[in-house]
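Take a look at the chain below. This report walks through its open and closed spaces, its domains, one helix and a few unusual backbone spots.

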Amino acid sequence: MSHRKYVLRPETAVLTRGFDPKLSVGSARPAVFRSSTYVFSSPESAARAFDIALGRAKPAPDESVDLIYSRLAHPNAQILEDQVVPLERDAADAAVFNSGMAAISSVFLTFCPPGSTVVHTTPLYGGTQLLLDSMMTPLGVKAVTAAAGDTQGLAAAIALAKGLKLVFLETPANPTLTMTDIAAAVQAARAHPDRPLVVVDNTFLGPSFQHPLTLGADLCVYSATKYLNGFSDLLAGLVLAKNGELVTQLRGTRAVLGNILQPDECWLLNTRLPTVPLRMNKQSKSAQRLAEAVHGHRAVAKVHYPTLFEDQEQQRIRDAQCDYPGGIVTLELKGGRPAAFTFLRSLRIFHNAVSLGGVESLACHPRTTTHSEMTVEQLDAAGITEGLVRLSTGIESWHDLLVDVKGALDAAA
Ligand SMILES: Cc1ncc(COP(=O)(O)O)c(C=O)c1O
């Protein structure tokens with residue numbers, strides 16, 4: 001292989017691309033650029049920068065365009081967006097937002113005009129469901145649901161939809177871990193005359209273990225608050241695409257809504273990117289050990305975890321689209337809410353908190369917290385029962401975590 005053609009692997013590229021020390025007085029790691037506004041190199045360059053920012057002109061391939069104002073773009077966002085791309089297989093560009101919800105709402109507001117239809121899997125993260133119910137529906141966007149994992153039902157919902165602009169999949173679904181076949185949804189979307197975009201919320205398994213863009217999805221969205229950051233100390237969102245034009249449109253929405261991630265947060269998130277695969281691998285290994293060890297415990301009715309899937313369709317989807325099972329384990333306890341609450345109260349290492357993907361282990365009761373926006377009917381249909389607890393495995397010793405979980409299960413039994 002000639003040197004010129006050699007393509008760096010993701011764990012190298014994440015550390016080497018997108019940052020030029022010469023632009024930061026030689027510092028080996030990026031500096032923080034906190035300025036809200038940028039001095040133009042000339043009035044002509046200012047006019048040119050505005051022409052490009054407002055879509056009146058396209059930049060030449062190697063053109064260096066002046067920065068304008070931090071709501072549109074700033075160096076730390078640009079460095080982060082360049083450096084995150086190699087982590088997402090087949091991505092060409094990325095846009096960073098100030099939370100996962102900012103990323104998701106910007107996707108809906110950009111690509112779903114009034115009168116259009118969205119087909120989405122259910123359950124969805126409670127905030128995404130609330131966005132659809134309380135904002136998109138009143139704006140005239142029709143939301144059609146298909147149960148996560150129902151490959152044929154989803155294909156039928158896509159085929160029947162009129163004015164279909166977006167197919168939104170959350171897989172694995174939060175908190176049940178039910179998987180939806182991304183490639184089959186892409187096939188159904190491509191067969192639809194409206195050629196809707198397929199968007200995957202890849203927060204639970206991406207970017208290390210699931211690669212939606214490779215399977216044909218148009219956009220990958222993230223709560224980067226979770227595994228990408230990994231330390232539960234900032235909020236961030238990302239959208240990645242194979243087609244950079246879609247990201248350019250999202251940056252336009254972001255400039256209007258003002259929901260770009262701030263320089264300090266971009267810098268911090270950027271420092272966490274090189275360790276994403278290391279952390280996710282460790283979290284997945286520990287979670288698998290926990291899930292398989294508590295399977296069969298007398299307090300547990302069911303363990304929701306990819307290596308323990310019993311349904312053949314779920315096993316097929318898992319094997320087709322996931323490299324590893326991931327760091328989230330959901331337990332269905334036999335004693336309903338009292339058992340779930342006793343379990344949460346009895347944990348010593350896992351903290352009872354929402355969120356996931358951090359180096360510290362967390363546990364929560366989705367029905368009364370993260371998914372409490374859903375109606376009782378929606379919760380029951382999605383299997384988010386009174387006895388369900390969601391565990392996010394950190395990077396502590398799995399031996400200690402297992403002792404903690406077993407002790408709390410004994411208390412709940
Ligand atoms: C799957 C999923 N998507 C999106 C979000 C929203 O992300 P954020 O809290 O960063 O706005 C979350 C948050 O828990 C989530 O779990």
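How many nonpolar, polar and charged residues are in the lining of the largest pocket? By class, this lining has 23 nonpolar, eight polar and ten charged residues. Keep in mind that the model is a predicted one.

## The largest pocket

The largest pocket holds a volume of about 1,600 Å³. Its lining is made of 41 residues. Nearest the centre lie V65, L67, A73, Q78 and R251. Three elements give two or more residues to this lining: helix 2 (43-53), helix 3 (75-84) and helix 8 (244-257). Helix 8 supplies the largest share, with eight residues.

## Two domains

The domain assignment splits the chain into domain 1 (10-274) and domain 2 (277-412). The contact takes 41 residues from domain 1 and 41 residues from domain 2. The centres of the two domains, taken over C-alpha atoms, are 27 Å apart.

## The second largest pocket

The second largest pocket has a volume of about 360 Å³. Its lining counts 21 residues, and M101, Y125, N174, S223 and K226 are the ones nearest its centre. Helix 4 (100-111) and strand 6 are the elements that give two or more residues to this lining. The largest share is three residues, and it comes from helix 4. By class, the lining has eight nonpolar, nine polar and four charged residues.

Where does the second largest pocket lie? Both domain 1 (10-274) and domain 2 (277-412) give residues to its lining, so the pocket lies between them.

## A closed space

Now turn to cavities. The count comes to one cavity of 30 Å³ or more. The space in the largest cavity is about 40 Å³. Its lining consists of P172, L177, F204, L205, P306, P325, G326, G327 and I328. Seven of these lining residues are nonpolar, two are polar and none is charged.

Which domains give residues to the lining of the largest cavity? Domain 1 (10-274) and domain 2 (277-412) both do, so this cavity lies between them.

## Helix 10

Helix 10 covers residues 276-294, which makes 19 residues. From its first C-alpha to its last, the helix reaches 27 Å. That is close to the 27 Å expected at 1.5 Å a residue.

Which residues of helix 10 are buried? They are V276, R279, M280, Q283, S284, S286, A287, L290, A291 and V294. What covers these buried residues includes two helices, helix 9 (263-272) and helix 14 (398-412). Strand 8 (300-304) and strand 9 (328-333) are also part of the cover. Just after helix 10 comes G296, with a positive phi of about 95°.

## Unusual backbone spots

Most residues other than glycine have a negative phi, and most peptide bonds are trans. The table shows four places that depart from this pattern.

| Place | Feature | Value |
|---|---|---|
| T122 to P123 | cis peptide bond | omega about 5° |
| N174 to P175 | cis peptide bond | omega near 10° |
| L177 | positive phi, not a glycine | phi about 65° |
| S232 | positive phi, not a glycine | phi near 50° |

Where are these places? P123 is in the loop between strand 2 (117-122) and helix 5 (126-136). P175 belongs to the loop between strand 4 (164-170) and helix 7 (182-191). L177 also has its place in the loop between strand 4 and helix 7. S232 sits in the loop between strand 6 (219-223) and strand 7 (237-241).

Is L177 buried or exposed? L177 has a relative accessible area of 3%, so it counts as buried. S232 has a relative accessibility of 39%, so it counts as partly exposed.

## Links between the parts

Some residues turn up twice. L177 has a positive phi, and L177 also helps to line the largest cavity. N174 starts a cis peptide bond, and N174 is one of the residues nearest the centre of the second largest pocket. I328 lines the largest cavity, while strand 9 (328-333) helps to cover the buried residues of helix 10.

Key:
Residues numbered from 1 in each chain as written. Predicted model: local features only at pLDDT ≥ 70, side-chain atom pairs only at ≥ 80, totals over all residues. Heavy atoms only, no water. 1 Å grid on protein atoms, 1.4 Å probe; cavity = no way out; pocket = protein on both sides within 12 Å on 5 of 7 lines; lining within 4 Å. Points joined across faces, edges and corners; volume = space filled by probe spheres on them. Nonpolar A, V, L, I, M, F, W, Y, C, P; charged D, E, K, R; others polar. Domains from an automatic or database assignment. Helix = DSSP H or I, 4+ residues; strand = E, 2+ residues; numbered from the N terminus. Expected span 1.5 Å × (residues − 1). Buried < 20%, exposed > 50% of the residue type's maximum accessible area, 1.4 Å probe, protein only. Contact = heavy atoms within 4.5 Å.
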